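Trainee: I would like to go through this structure with you. Could we take the salt bridges before the rest?

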Amino acid sequence: GFVLLSLTFLLYAAKDQTLSRLFLFTLAPLLVGTFYLCYQKLGRLLSRLFFRGGNRLKAIVVGPSDLLSAKAKWLEDRAQQGIDFVGMVSMDNGAISRIPTQRDVPIPKLGHVEALETILAEQRPSLVLFVDFPGDGDELLRRKVICDRFGARVLTVWSFHSELSHVPSIH
């Protein structure tokens, strides 16, 4: 929208009927370069400005051990968006004791899902991220009620593709 408006204004101001090739071949690389720099640098700069100190969310991730390990990189990337994962709660008896990350500090295991209320009372997170499919509406409601009691937001992340082996079309 902005680029089209700018080009229209430039053409009107120059009273030119066609774009010059020099302008077109200069604009395209400059736009690509500008978009690339904004994507690579601006997000991190804004993240450092806005998400520091009290503006960061303390979060706990809950799910099966294999899914938690598979999402380690994704969880680590959320730190750029102001979310600090202080621990994980497993839903199975997996042998995983922490989620390894590329940072120096791995995400430690806080316990089993049966002790979720105790863990929430001790840790007092702002966000509880579930990385599995809840199964039914009753389970979703149970999770919400537990997290609401401790003042934590609930977020459920589930991959349709990995579970169903196809991407659903929702209309």
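Trainee: With which residue does Arg 56 form a salt bridge?

Mentor: Arg 56 pairs with Asp 84, and their closest N and O atoms are 2.8 Å apart. A salt bridge here is a side-chain nitrogen of Lys or Arg within 4 Å of a carboxyl oxygen of Asp or Glu. Please keep in mind that this is a predicted model, in which local features need pLDDT of at least 70, side-chain atom pairs count only at pLDDT 80 or more, and totals for chains, interfaces and linings use all residues. Residues are numbered from 1 along each chain as its sequence is written, and side-chain values use heavy atoms, with hydrogens and water left out.

Trainee: Which parts does the pair of Arg 56 and Asp 84 tie together?

Mentor: Arg 56 lies in the loop between α2 and β1 whereas Asp 84 is in strand β2, so the pair ties together parts that are 28 residues apart in sequence. Helices (H or I, at least four residues) and strands (E, at least two) are DSSP runs, numbered from the N terminus.

Trainee: Is Arg 56 buried or exposed?

Mentor: Arg 56 counts as partly exposed because its relative accessibility is 23%. Asp 84 also counts as partly exposed, at 28%. Buried means under 20% relative accessible area, exposed means over 50%, and partly exposed is in between (1.4 Å probe, protein chains only).

Trainee: How many salt bridges are there in the whole structure?

Mentor: A search of the whole structure finds six. Asp 132, Glu 139, Arg 142 and Arg 143 are linked in a network of them.

Trainee: What are the N to O distances in that network?

Mentor: For Arg 143 and Asp 132 the distance is 2.9 Å, and for Arg 142 and Glu 139 it is 3.0 Å. Both Arg 143 and Asp 132 are buried. Glu 139 is buried as well, with a relative accessible area of 18%, whereas Arg 142 counts as partly exposed at 41%.

Trainee: Where do Arg 142 and Glu 139 lie?

Mentor: Both are in helix α6, three residues apart, which is about one turn of the helix. An α-helix has 3.6 residues a turn, so residues three or four places apart point the same way.

Trainee: Changing topic: what pattern does the chain follow along the sequence?

Mentor: The pattern is α-α-β-α-α-β-β-β-α-β-α-β-α, with seven helices and six strands. Of the 171 residues in the chain, 27% are buried. Contact means heavy atoms within 4.5 Å; among contacts between residues at least 6 apart in sequence, 64% join residues at least 24 apart.

Trainee: Which residues touch the most other members of the largest nonpolar core?

Mentor: That core has 13 residues, and Val 62, Val 89, Leu 116, Leu 120 and Val 128 touch the most other members. β1 (57-63), α5 (116-123), β5 (127-130) and α6 (137-149) each supply at least two of its residues. The largest share, three residues, comes from α5. A nonpolar core is a set of buried Ala, Val, Leu, Ile, Met, Phe, Trp, Tyr and Cys residues joined through side-chain atoms within 4.5 Å.

Trainee: Which residues are buried in α5?

Mentor: They are Leu 116, Ile 119, Leu 120 and Gln 123. Seen down the axis of α5, the buried residues fall within an arc of 100°, so they line one face of the helix. The arc is that of the directions from the helix axis to the C-beta atoms.

Trainee: What do the buried residues of α5 pack against?

Mentor: They pack against β1, β2 (83-90), β4 (107-112), β5 and α6. Just after α5 comes Arg 124, whose phi is positive, near 50°.

Trainee: And the surface: which residues form a nonpolar patch there?

Mentor: Leu 42, Leu 45, Leu 46, Leu 49, Phe 50 and Phe 51 form it, with about 520 Å² of accessible area together. Patches are made of residues with over 30% relative accessible area and no salt bridge; like charges are joined within 9 Å, and nonpolar side chains (Val, Leu, Ile, Met, Phe, Trp, Tyr) within 5 Å. Accessible areas come from the Shrake-Rupley method with a 1.4 Å probe, and for residues only the protein chains shown count as cover.

Trainee: Where is Leu 42 placed?

Mentor: Leu 42 is in helix α2 (residues 21-50), and it counts as partly exposed because its relative accessibility is 38%.
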